[in-house]
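Student: Could we work through this model together, moving from the overall fold to the interior and then to the surface?
Tutor: Yes, and please keep the sequence beside the coordinates as we go.

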Amino acid sequence: AELCLCSVQAATIHDLVIHPDLQGYGLGAVLLTRVVNQIAGQGVFDVGLAAPSNLQSFFRSCSFELDREESVPMALQPGWNKLPEEINAPLQQNPALRKLLLTAMDDKQRQLSTAQ
């Protein structure tokens with residue numbers, strides 16, 4: 001099982017893998033219960049996971065439910081540090097707005113932004 005402690009109170013389980021030859025014996029439920037108990041023992045009260053749609057019924061049977069906020073897992077794509085033209089053009093035309101944005105960025109973000 002792979003775990004990400006996103007903050008002091010929240011954790012996300014990214015991978016819970018049982019070899020196909022060992023599936024159907026309850027090992028996944030046992031492993032998930034152990035992981036959740038370890039997380040809860042560290043004071044984390046918000047535990048989530050990313051589940052493929054074909055395994056949602058399994059995770060529901062282990063007391064997980066769909067995200068109340070109806071969020072959808074998304075992945076960052078290559079080129080994320082490039083501003084789309086519809087955003088970049090107005091920034092180039094409005095120096096005050098660009099200065100405000102650059103002030104709000106950290107050093108790494110600022111470096112990536114000015115490299116465009």
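Student: How many helices and strands does the protein chain have, and in what pattern do they follow along the sequence?
Tutor: This is a predicted model, and in it the protein chain has 5 helices and 3 strands. Read along the sequence, these elements follow the pattern β-β-α-β-α-α-α-α.

Student: Which element gives the most to the largest nonpolar core?
Tutor: The largest nonpolar core is made up of 10 residues, among them Ala-11, Ile-13, Leu-32, Val-35, Ile-39 and Phe-59. Strand 2 (10-15) and helix 1 (27-41) each supply at least two residues of this core. The element that gives the most, with 3 residues, is helix 1.

Student: What percentage of the residues in the protein chain is buried?
Tutor: A residue is taken as buried when its relative accessible area is under 20%. Of the 116 residues in the protein chain, the buried share is 17%.

Student: Is Leu-27, in the nonpolar surface patch, buried, partly exposed or exposed?
Tutor: Leu-27 joins Leu-22 and Tyr-25 in a nonpolar surface patch of about 330 Å², and Leu-27 itself lies in helix 1. Because its relative accessibility is 38%, Leu-27 counts as partly exposed.

Student: Where is Asp-67, a member of the patch of negative charge, found?
Tutor: Asp-46, Asp-67, Glu-69 and Glu-70 gather on the surface in a patch of negative charge. With a relative accessibility of 38%, Asp-67 counts as partly exposed. As for its place in the chain, Asp-67 is found in the loop between helix 2 (56-61) and helix 3 (85-93).

Student: What is the phi of Ser-63, and why is its sign worth a remark?
Tutor: Most residues other than glycine have a negative phi, so a positive value draws attention. Ser-63 is found in the loop between helix 2 and helix 3, and at 71% relative accessibility Ser-63 counts as exposed. Although Ser-63 is not a glycine, its phi is positive, at about 80 degrees.

Methods
Residues numbered from 1 in each chain as written. Predicted model: local features only at pLDDT ≥ 70, side-chain atom pairs only at ≥ 80, totals over all residues. Heavy atoms only, no water. Patch = residues over 30% accessible without salt bridge, like charges linked within 9 Å, V, L, I, M, F, W, Y side chains within 5 Å. Areas by Shrake-Rupley, 256 points an atom, 1.4 Å probe, with all protein chains shown as cover. Salt bridge = Lys/Arg side-chain N within 4 Å of Asp/Glu carboxyl O. Lys, Arg positive; Asp, Glu negative; His and termini not counted. Charge placed at Lys NZ, Arg CZ, Asp CG, Glu CD. Helix = DSSP H or I, 4+ residues; strand = E, 2+ residues; numbered from the N terminus. Buried < 20%, exposed > 50% of the residue type's maximum accessible area, 1.4 Å probe, protein only. Core = buried A, V, L, I, M, F, W, Y, C linked by side-chain atoms within 4.5 Å.
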